[in-house]
Amino acid sequence: MYVENQEGTVLDIEMQVTGDNSTVYFDKDEAAIIKGLPLRTRYYQSLISMDMLKQGMKYRELRKSYVIFICTFDPFGKGLPIYHFTYRCKEEACDK
C-alpha cells in the first residue's frame, strides 16, 4: 500500500508472509550477509525517492518516506515485535 499524508510524507506498507529468503544471516566475522527483505526495502525506498525527485529538483526537496514491512515471522530472530532501522554515522566527527 502506498500512502501519502497531508505533510507529504510517503509510507510504503508491504506484507511479508514467508521468511526463508528474507532474513539477515551473520557470518563468523559478524558481517551482515543481506538477503531478501533488506534488499527489497532498499529497492522500494529508491522507487519512492525517484518518484519524488523530478528532473531539475534539488536533493533537499526529497520528503520523508518510510518503508514498513508487516511480517508473519520474526525476520531477525531476536524475539522483538518491531525493528527500527535508520542511517547513522558511527564516527564521532559525523555527529557534529
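**Figure 1. Thr41 in helix H1 and its partners in the predicted model.** Thr41 is a residue of helix H1, shown here as it appears in a predicted model. With a relative accessible area of 25%, Thr41 counts as partly exposed, because the partly exposed class starts where the buried one, under 20%, leaves off. Setting aside neighbours within four places in sequence, Thr41 is in contact with Val67 and Phe69. Take Phe69 as an example: Thr41 and Phe69 are 28 residues apart in sequence, and their C-alpha atoms are 8.2 Å apart in space.

**Figure 2. The aromatic cluster of Tyr43, Tyr44 and Phe69.** These three residues, Tyr43, Tyr44 and Phe69, form one aromatic cluster, and the count of aromatic pairs comes to two. In the pair of Tyr43 and Tyr44, the ring centres are 5.8 Å apart and the planes meet at 55°, so this pair is tilted. How exposed are the two tyrosines? Tyr43 is partly exposed, with a relative accessible area of 48%, whereas Tyr44 counts as buried at 18% relative accessibility. Tyr44 also pairs with Phe69, and this pair is tilted too, with 6.1 Å from centre to centre and 40° between the planes. The pair of Tyr44 and Phe69 links distant parts of the chain: Tyr44 sits in helix H1 (residues 37–52) and Phe69 in strand E5 (residues 65–71), 25 residues apart. Both Tyr44 and Phe69 are buried.

**Figure 3. Asp12, a buried acidic residue in strand E2.** Have a look at strand E2 (residues 10–16), where Asp12 lies. Which side chain of opposite charge is nearest to the buried Asp12? That is Arg40, 8.2 Å away, and Asp12 has no salt bridge. Not counting residues up to four places away in sequence, Asp12 touches Met1, Tyr44, Ile48, Tyr66, Val67 and Ile68. Tyr44, one of these, is the helix H1 residue that pairs with Phe69 in the previous view.

**Figure 4. Glu14, a second acidic residue of strand E2.** Glu14 is also found in strand E2. Glu14 is buried and has no salt bridge; its nearest side chain of opposite charge is Arg40, 4.5 Å away. Why does Glu14 have no salt bridge? The cut-off for a salt bridge is 4 Å, and the nearest oppositely charged side chain, Arg40, is 4.5 Å from Glu14. With residues up to four places away in sequence left out, Glu14 touches Tyr44, Ile68, Phe69 and Ile70. Tyr44 and Phe69, two of the residues touched by Glu14, belong to the aromatic cluster with Tyr43.

**Figure 5. The two salt bridges of the structure.** Side chains of opposite charge can pair when their charged atoms come close. A search of the whole structure finds two salt bridges. One joins Glu4 to Arg63, with the closest N and O atoms 3.5 Å apart. Glu4 lies in strand E1 and Arg63 in the loop between H1 and E5, so this pair ties together parts that are 59 residues apart in sequence. Glu4 is partly exposed at a relative accessible area of 43%, and Arg63 is partly exposed at 36%. In the other bridge, Lys54 is paired with Asp51, and here the closest N and O atoms are 3.7 Å apart. Lys54 has a relative accessible area of 46%, which makes it partly exposed, and Asp51, at 43%, is partly exposed as well.

**Figure 6. The whole chain, and how confident the prediction is.** For orientation, the chain has one helix and five strands, and along the sequence they follow the pattern β-β-β-β-α-β. Buried residues make up 20% of the 96 residues in the chain. Of the contacts with a separation of 6 or more, 52% are between residues 24 or more positions apart. The accessible surface comes to about 8200 Å², and 55% of it belongs to carbon and sulfur atoms. The chain averages a pLDDT of 78, and 75% of the residues score at least 70. Which element has the lowest mean pLDDT, and which the highest? Strand E4 (residues 32–33) has the lowest, at 38, while strand E1 (residues 2–4) has the highest, at 94. Over residues 25–34 the pLDDT is below 50, and beyond near neighbours in sequence this stretch has 11 contacts in the model.

Terms used: Residues numbered from 1 in each chain as written. Predicted model: local features only at pLDDT ≥ 70, side-chain atom pairs only at ≥ 80, totals over all residues. Heavy atoms only, no water. Helix = DSSP H or I, 4+ residues; strand = E, 2+ residues; numbered from the N terminus. Buried < 20%, exposed > 50% of the residue type's maximum accessible area, 1.4 Å probe, protein only. Lys, Arg positive; Asp, Glu negative; His and termini not counted. Contact = heavy atoms within 4.5 Å. pLDDT = per-residue confidence, 0-100. Phe/Tyr/Trp six-rings, centres within 6.5 Å; stacked < 30°, edge-to-face > 60°. Areas by Shrake-Rupley, 256 points an atom, 1.4 Å probe, with all protein chains shown as cover.
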